[in-house]
Every structure is written in structure tokens, then in C-alpha cells.
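This report describes the fold of one protein chain for a reader new to structural biology. Please keep the sequence and the structure in view while reading.

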Amino acid sequence: MNDKVPRDELKSRMNRFRAGMNKTHPGWEMAAIFGKVNLYYFTGTMQDGVLLIPSNGDAVLWVRRSCERALAESQFPDIRQMRSYRDAATATDDLPQTIFVETELVTLGLIERFRKHFGFIDVKSLDYVLGMVRAQKSDYEISLMEKSGKIHRRVLEERVPEIVSEGMSELDFALKLYSLMMEEGHHGVARFGMFDTEILVGQIGFGESSIYPTYFNGPGGAAGLGPAVPLLGSRERKLKRGDLIFADTGSGYHGYHTDKTMTYTFKEPLPEEAVEAHNGCLAVQERIASMLRPGIVPSEIYQDVMESLDKDFMKNFMGYGDRTVNFLGHGVGLLVDEIPVIAAGFDEPLVENMVFAVEPKKGVKGVGMVGVENTFVVTPSGGRCITGTHPGLMLIE
């Protein structure tokens, strides 16, 4: 496959961003993109630099390192070398008083270094506009996400039983799972936009490890290696008969992700209470998927589903104890966690080719986190799953 993002694709993204800025921030003069993922979205390369997008005129990618690599990788029409932001400022006409940046990402220190040469007074956010532009995927992007989904399905629905053995640790399982994913074509990382978030393979746990407290804003838990590295899995927790195996992982292909959770039972089924909770989550996923159609409002999906659930099911739904989350799904793309979110406050209607991870889950005392997660494309007939169809709780003998 040709790794270069097509020139027409880059042009379409830039045009849609400009249109979004014109609608949301009429009178804007300049946007500056610093984040590596956003640089890749607009230019097809992720170097150390800044992309300057004037409201009138052509955008320029200024690269500190490596301009040589940027020119080799990218079909963006204007890529220039800089030693510092001074070079970019000197070559830019009509420096603005207000500049729009990724305020959820860019540090104050970087802003002040940039201000030193560009002299702007005010800083405003472009995050929501860019997030909503990125939310609607092109056919090109969907094709990459479908390839990621095939990797996800193949590994979690077919190959995991190859690596499971009694007495293995959570860490053993995580490392073997990562190896399988790489073997099948995974691009090697799971990128998140959540501030200061580190995730490697995903959230991995045996039994109640999957409801262990974690800073990560999701329904599942993970004990991990310890306080300094609460990732991968415990070296001490070993797999035994009757255990639930919980695997919430991000897959990716050429930058684009899918999100999927599979659960397994080792040697024997789970208690009936846990199976019933799991089946309830499957029903919620099916209901949400049926509503992933253009024109439907995410906040209304959330409200409709949550109001339909009975009181007993709501206990430990979307988490465990007081560690529950207030969403049912989230956008996926160049990051695993993108907007829109199926939650209160997201009131813009869905459009075709948005992509969502839908993840109804429920903690069960003494068992762990049951439930499901798959990635769906918004279509006129409802969500089209691209990560497989296995219902979970796969019995591994």
C-alpha cells in the first residue's frame, strides 16, 4: 500500500476545516496547528513544526525536524524548513492579533515561545471545530479503519485461545496479545487525546482486576504493574479455572484506530448473575447501534437508553461502585477517544461516516467487568460494525 495520504484527501480536509472555522468563528484570521496527530491529519506527516492556516491564503507547513522526511512522506503542497518560529514569522504577512490553537494540547510554554515571534495578543480554541471535522470520516479513512477492525476481529475472536494457559500472569497475556496484534498488522500504538494518558495494549485483567480502580476515564479497570506503571497487567495475578478474562484494546492501521472489548471465561462458565448482566449489555449495544443514523442526536441516544434501564441493572453499570462513567460510547479515528461522545451535552446530529465505539459494560462483584465494545460506522440503516460479531464470554477450554 502507498503510505502517502492522497493530495485530494488533504485538500478536502483543509477545505472542511476552513468552512467549520468560518461558521463557528467568523472573522478568524489564522490557526496554528502544533499537535503531531493533527499535523498528520492535514499534511500526512508528523514532524516537529507548525502548520499555519490563514483564513485567506495558502497554508504552510513549517518544519524544524525533519523537513527531509516531511518532503518524502507528504503530498502537502507547501512545506518549508525553519530553524525557529522566527523564520516562519518573518515569512508570514499580516500577523494576526488573535490566533486559534489546540488549547487542549498546546502548553503555555510553547504558546509563549510562539508569541515571542508572532506577537499576537489573544489565544482562542479551535479544538471543537477540528474535532467535529475529523469526526466525519472520508471513504479513505473508513477503508483504513475497516482494516484495523479486521485485525481486531481476527485477534480477539479467533486467535486469543492460542495464547491462553493456566497459571499465566496478566502480564504474560498482555505481551502475547500485543505480539499477536503486531503479527496481524497492528500499527503498534493506541493513541489517546485524554490529557497525560498512557495506554499500551489496553486494559487487561483477570477476574476482579478488571474492576480495579484506575485514573483512566472508562468503565473498566486494571491493576497493571503497580503504582508507577498501572498498565499492561500484574506479574502476580495468575489465570485460574473459572476466571473472567477482560481485554479492552485499541487496534490500528496506518494511523487509524478501532476499539474493541472481548471477554472470555477460562475452563468453565461464569455464574448466572454475570451472564445475565453481560446479556443485558449486549442488548444495550444492539439498541445503540440501531440508532447510529444520520440526524440522530448523541445526547438523545444517551438519555433514551439510560432512562430505559431498570434500577437493578443500573447498579454498577458503566463501571463499578462509585467509579462509573457518564457515557455509552465515543468517537474513534486517529485517536481512540474522539468526539462526539454518546453522552449528555453532545447535541449536534450525527452525520454519515462518523465512527463510534459503543461500550456498555457492567461490573459484577467477585467476577469482574462483563459487557462488550465494538466499533460502528454511522449509516442510514444504523451502525455498521467493523470489529466482529462475537457476543463475548468466549469459553476457552
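## A term needed first

Two residues are said to be in contact when heavy atoms of theirs lie within 4.5 Å. The model discussed here is a predicted one.

## The chain as a whole

The chain contains 11 helices and 17 strands. Its radius of gyration is 22 Å, close to the 21 Å that the globule rule gives for 397 residues, and the chain is therefore as compact as a globular protein of that length. Measured out along the principal axes, the box filled by the C-alpha atoms is roughly 70 × 40 × 40 Å.

Of the 397 residues, 56% count as buried. The accessible surface of the chain is about 17500 Å², and carbon and sulfur atoms account for 49% of that area. If one takes the contacts between residues at least 6 apart in sequence, 68% of them join residues at least 24 apart.

## A mixed sheet of four strands

One open sheet is built from four strands in the order β7-β8-β9-β17, with mixed pairing. Strands β7 (202–206) and β17 (394–396) stand at the edges; each has a single partner strand, so one side of each is left without a neighbour in the sheet. From one strand to the next, the twist averages 30°.

The partner of β17 is β9, which spans residues 256–266; the two strands pair in the parallel sense over three bridges. Within this pairing, T265 has L395 of β17 as its bridge partner.

## An antiparallel sheet of five strands

A further open sheet consists of five strands in the order β11-β10-β12-β15-β16, and its pairing is antiparallel. Here the edges are taken by β11 (338–342) and β16 (384–385), each with a single partner strand, so one side of each has no neighbour in the sheet.

Strand β15 (residues 374–377) pairs with β16 in the antiparallel sense over two bridges. The residue of β16 that serves as bridge partner of F376 is C385.

## Helix α10 and its two sides

Which residues of helix α10 are buried? In this helix, which covers residues 298–308, the buried residues are P298, S299, I301, Y302, V305 and M306. They cover an arc of only 155° around the axis, which means that they lie on the same side of α10. On the other side of the helix, E300 and E307 are exposed.

The cover over the buried residues of α10 includes helices α9 (272–290) and α11 (311–314), as well as strand β11. Strand β11 is thus met again here, having been described as an edge strand of the five-stranded sheet.

## P360 and M318

Residue P360 is located in the loop between β12 (355–358) and β13 (361–364). Is P360 buried or exposed? Its relative accessibility is 0%, and because buried means under 20%, P360 counts as buried. Leaving aside neighbours within four places in sequence, P360 is in contact with C281, V284, Q285, F317, M318, L328, G371 and V372.

One of these contacts, M318, is 42 residues away from P360 along the chain, yet the C-alpha atoms of the two are separated by 6.3 Å. M318 lies in the loop between α11 and β10 (329–331). Like P360, M318 is buried, with a relative accessible area of 1%.

## Less usual backbone geometry

Most residues other than glycine have a negative phi, and most peptide bonds are trans. M318 has a positive phi of about 65° although it is not a glycine. H254 also has a positive phi, near 50°, and is likewise a residue other than glycine. The place of H254 is in the loop between β8 (244–253) and β9. At 26% relative accessibility, H254 counts as partly exposed.

Where are cis peptide bonds found in the chain? One joins R65 and S66, with omega at about 5°. S66 belongs to the loop between β3 (60–65) and α3 (67–73). Another cis peptide bond joins I339 and P340, with omega at about 0°. P340 is part of strand β11.

Note on methods. Residues numbered from 1 in each chain as written. Predicted model: local features only at pLDDT ≥ 70, side-chain atom pairs only at ≥ 80, totals over all residues. Heavy atoms only, no water. Pairing = 2+ DSSP bridges. Axes fitted to C-alpha atoms, helices over the stretch in contact; angles between N-to-C directions. Rg over C-alpha atoms; globule rule 2.2 N^0.38 Å. Buried < 20%, exposed > 50% of the residue type's maximum accessible area, 1.4 Å probe, protein only. Areas by Shrake-Rupley, 256 points an atom, 1.4 Å probe, with all protein chains shown as cover. Arc of directions from axis to C-beta.
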